Amino acid sequence: MSTPQERATASATPTLDVDRSDPTYRTWLNEAVRKVQADANRSADTHLLRFPLPEEWGIDLYLKDESTHPTGSLKHRLARSLFLYGLCNGWIRPGHPVIEASSGSTAVSEAYFAKLIGVPFIAVMPRTTSAEKCRLIEFHGGRCHFVDDSRTMYAESAALADRTGGHYMDQFTYAERATDWRGNNNIAQSIYQQLELERYPEPAWIVTTAGTGGTSATIARYVHYMQYDTRICVPDPENSCFFDGWVNEDPGCTTDCGSRIEGIGRPRMEPSFLPGAIDRMMKVPDAASVAAVRALEAAIGRKAGGSTGTGLWSALKIVAEMVAQGSRGSVVTLICDPGDRYLDKYYSDAWLEEQGLDISPYAAAIESLIATGVWSGTD
């Protein structure tokens, strides 16, 4: 739980009443919405990178590089949508803090938008969150409020909002409804536009990991809406309940510990995760996720976070299945955030040893696939 000093500081946040009929408030609201929309207008789209595969396979593997957003992650899109949703609903008000339950990247992006419109921001997060993510939250003007048990983040965020008169953003509830999945330059529309001149413009699979579930919901809904034949796969890390909840059709599924792969996996089935919209899930060992991000760096010279590795591992497994079937086509996954946020974790051999993770069999499986086109059988 938070320290007495943290609780005292939170309680000291000003709680001002807002008259929404006041012209001053409407002027502030209009300006806040303009600033958030302007951020999207001046941000170029993110790149679609190719992962090198043997040409004779007839399969193209792409990674949409969401790490190039102004706040360095896929969550920049989500944070922008959540702020517009909260502002237009009258939930975010001048002088009142925005509060979020987040293990890092969403909080970094929300701190950026809070600073942009001039409201305080508090991130409620596990004490184990990487030091670099905490530094970035504070760099953008936010404050970190730590809990010892990640399962208490929701309740503590709601309580903190109540104590401060702030707004609990609640990404895990509102992620899927804050984003316009029919278009509006969402990530799904962007992927298809960028593939228009490729040899396989309609991907056979899009692989996207889930934290809130908002991205998988947006992409899956867009695919169904546009009547594409693309299938959606959601990989899930260890210590997350999404896979079991999906397999067993159990909306009440939970786990008793948090994910080692920051940003994805949850201890409960989140409201924004839509199991019925997706086609497939995979359970990915954490060691495989780490092996995959290291293989990514070797292949294209880019470091990425563990969630990228979870997606890449599953994408490579799908590629192997396509090779075995003699299928041709394209597969798309995501670079969710940069690896420099995790140098003391996924790129640290000491951390791997401390966690009891052996990545060698998974690294060998990837090397074997690229060399032979055959999957080694490692789960």
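Tyr362 is a buried residue in this predicted model, because its relative accessibility of 16% falls below the 20% limit for that class. Its aromatic ring makes a convenient starting point for a survey of the ring contacts.

A pair of aromatic rings is described by the distance of the centres and the angle of the planes. In total, 16 aromatic pairs are counted in the structure. One of them joins Tyr362 to Trp313: the ring centres lie 5.5 Å apart and the planes meet at 75 degrees, so the arrangement is edge-to-face, given that an angle over 60 degrees places a pair in that class. This contact bridges distant parts of the chain, since Trp313 belongs to helix H12 (residues 306-325) and Tyr362 to helix H14 (residues 360-372), with their positions 49 residues apart. Trp313 is likewise buried, because its relative accessible area is 1%.

A further edge-to-face pair is formed by Tyr346 and Trp351, whose ring centres are separated by 5.4 Å and whose planes stand at 90 degrees. These two residues, Tyr346 and Trp351, are both buried. Elsewhere, the aromatic contacts extend beyond a single couple: Phe83, Tyr112 and Phe113 are connected by ring pairs into a cluster.

Aromatic rings also receive charged side chains. The charged end of Arg268 is placed over the ring of Tyr154, at 3.6 Å from the ring centre. In a second case, Arg280 lies over the face of Trp205, and here the distance to the ring centre is 5.7 Å.

Methods. Residues are numbered from 1 along each chain as its sequence is written. This is a predicted model: local features need pLDDT of at least 70, side-chain atom pairs count only at pLDDT 80 or more; totals for chains, interfaces and linings use all residues. Side-chain values use heavy atoms; hydrogens and water are left out. Rings of Phe, Tyr and Trp (its six-membered ring) pair if their centres lie within 6.5 Å; planes under 30 degrees apart count as stacked, over 60 as edge-to-face and the rest as tilted. Helices (H or I, at least four residues) and strands (E, at least two) are DSSP runs, numbered from the N terminus. Buried means under 20% relative accessible area, exposed over 50%, partly exposed in between (1.4 Å probe, protein chains only). A charge sits over a ring if NZ of Lys or CZ of Arg is within 6 Å of the ring centre and within 35 degrees of the ring normal.
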